[in-house]
Amino acid sequence: MSRYDEEAKYDRPKRRTRPRTKDRPSYDSAAIGFVFTRDRGRYACWVDDTDGGREVTAMKARQLGRTGVIVGDRVKLDGNASGDEGSLARIVEVLPRTTLLRRSADDDDPVERPLVANADQLVIVVAVANPEPRTGLIDRFLVAAYDAGMRPLLCLTKTDLADPDPLLSIYRPLGVESVATHQNGDLSKLREQLDDRTSVLVGHSGVGKSTLVNGLIPGADRAIGVVNEVTGRGRHTSTNTLVLRLPEGGWIIDTPGIRSFGLAHVDPEQLIHAFPDLAEIAETCPRGCTHTADAPDCALDEAVAAGRADAARVDSFRRLLASREGRELRETEEPT
């Protein structure tokens with residue numbers, strides 16, 4: 001006898017899964033955290049509260065998909081955001097960024113590499129000697145700062161070994177502010193520039209970023225390296241990006257030493273907007289003008305000849321433009 005009745009009609013099994021809904025959870029009351037470091041898929045976040053603040057460990061929620069979370073991001077935290085030992089929260093939303101510092105592997109690489117979010121100042125740390133300063137890399141940092149909408153600050157270290165003025169004279173026409181320091185020296189002027197700001201420290205390996213951090217924040221204990229006497233280059237001692245709170249208020253973000261800084265993401269035509277005085281003059285340039293020294297009928301040349309523009313400032317702008325276009329300064333483009 002057949003197990004099934006051939007004349008009987010069998011209904012389709014009822015669906016037992018819950019129907020999808022367009023309603024999504026509301027995270028209006030979620031804690032707001034500030035991502036200050038990342039380690040193997042775990043994010044350390046700082047949450048301000050009435051007791052002064054707490055550190056919360058979190059992971060990225062699946063619903064974020066490919067949305068990246070980087071150091072400096074302000075995020076919403078769901079789940080256990082108590083900060084208790086062994087607790088784990090979920091990052092469910094990344095709040096809009098005010099600034100984004102980016103770079104590419106080189107000038108031909110279309111892939112952007114976001115470094116830090118929501119910082120308002122880029123501190124370019126440069127040693128005047130040991131290792132020798134590389135203006136090409138400094139120029140690239142400046143281009144990245146202007147592109148990100150960040151205020152650049154030039155911090156010269158090891159000024160007890162050489163005169164900083166020749167280097168400073170190159171950047172005075174750009175109006176870039178600067179401070180000078182040396183080992184075991186007074187850091188009060190630098191502290192004034194960092195107060196109540198979120199500042200990113202960038203620079204070539206061996207220029208003294210970790211020494212500055214240890215001097216600014218007692219107990220930071222950032223590893224300090226030495227400069228190779230043969231190559232004149234520093235060794236990477238800071239291997240991760242880390243945010244630290246300043247005692248007087250504000251944050252500093254220490255980054256690993258960088259030997260190259262690609263700018264494929266920066267549109268050369270937008271760079272001039274970092275120079276409002278020159279941008280106004282450039283509006284009268286012929287259509288498609290590149291504003292380079294060999295550009296025909298460039299209004300910047302006419303303004304310099306007529307005394308309406310500072311020649312040194314135009315030269316500085318064109319140096320940055322050339323740096324972005326990769327037409328010179330190739331000595332800075334070394335493997336990291």
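1. Is Asp 297 buried or exposed? Asp 297 is exposed, because its relative accessible area is 57% and the cut-off for exposed is over 50%. The residue sits in the loop that runs between helix H6 (276-282) and helix H7 (299-305). Its phi is near 60°, a positive value in a residue other than glycine. The model is a predicted one, and this note goes through it from the overall make-up to single residues.

2. Overall make-up. The protein has 336 residues, and 47% of them count as buried. Its secondary structure consists of eight helices and 13 strands. Among contacts with a separation of 6 or more, 65% are between residues 24 or more positions apart.

3. The barrel. Five strands close into a barrel, and their order is E1-E2-E3-E5-E4. The pairing in the barrel is mixed. On average, neighbouring strands here are turned by 55° against each other, with direction ignored. One pair to look at is strand E2 (residues 42-47) with strand E3 (residues 54-60): five bridges join them, and they run antiparallel. Trp 46 has Glu 55 of E3 opposite it.

4. The open sheet. Another set of six strands forms an open sheet, with the order E10-E9-E8-E11-E13-E12 and mixed pairing. Strand E10 (177-180) and strand E12 (242-245) are the edge strands, each pairing on one side only. Neighbouring strands of this open sheet are turned by 25° against each other on average, again with direction ignored. At the E10 edge, strand E9 (residues 151-157) and E10 run parallel and are joined by four bridges. Within that pairing, Leu 153 has Glu 177 in E10 as its bridge partner.

5. Helices on the open sheet. Helix H1 packs on the sheet and touches E8, E9 and strand E11 (198-202). The direction of H1 makes about 175° with that of E8. Helix H4 (residues 209-216) also packs on the sheet, where it touches E8, E9, E11, E12 and strand E13 (251-254). For H4, the angle with the direction of E13 is about 155°.

6. The cavity. How many cavities of 30 Å³ or more does a search of the whole structure find? The search finds one, and its volume is about 120 Å³. The lining has 15 residues; nearest the centre lie Val 126, Arg 134, Leu 137, His 204 and Val 207. Strand E8 (121-127) and helix H1 (135-148) are the elements that give two or more residues to this lining. E8 gives the most, with four residues. By type, the lining residues divide into 10 nonpolar, three polar and two charged.

7. Phe 261. This residue is placed in the loop between E13 and helix H5 (268-271). Phe 261 counts as buried because its relative accessible area is 2%, where the cut-off for buried is under 20%. Leaving aside neighbours within four places in sequence, Phe 261 is in contact with Arg 102, Arg 103, Ser 104, Leu 115, Leu 137, Arg 140, Phe 141 and Ala 144. Leu 137 in this list is also one of the residues nearest the cavity centre. Arg 103 is 158 residues away from Phe 261 along the chain, yet their C-alpha atoms are separated by 6.1 Å.

8. Asp 160. The loop between E9 and helix H2 (165-171) holds Asp 160. Not counting residues up to four places away in sequence, Asp 160 touches His 182 and Gln 183. From C-alpha to C-alpha, Asp 160 and Ala 129 are 9.2 Å apart in space, while they are 31 residues apart in sequence.

9. Backbone points to check. Most residues other than glycine have a negative phi, and most peptide bonds are trans. Asn 130 and Pro 131 are joined by a cis peptide bond, with omega about 5°. Pro 131 lies in the loop between E8 and H1. Asn 184 is a residue other than glycine with a positive phi, near 65°. Its place is the loop between E10 and helix H3 (188-194). Asn 184 counts as exposed, because its relative accessibility is 78%.

Key:
Residues numbered from 1 in each chain as written. Predicted model: local features only at pLDDT ≥ 70, side-chain atom pairs only at ≥ 80, totals over all residues. Heavy atoms only, no water. 1 Å grid on protein atoms, 1.4 Å probe; cavity = no way out; pocket = protein on both sides within 12 Å on 5 of 7 lines; lining within 4 Å. Points joined across faces, edges and corners; volume = space filled by probe spheres on them. Nonpolar A, V, L, I, M, F, W, Y, C, P; charged D, E, K, R; others polar. Pairing = 2+ DSSP bridges. Axes fitted to C-alpha atoms, helices over the stretch in contact; angles between N-to-C directions. Contact = heavy atoms within 4.5 Å. Buried < 20%, exposed > 50% of the residue type's maximum accessible area, 1.4 Å probe, protein only.
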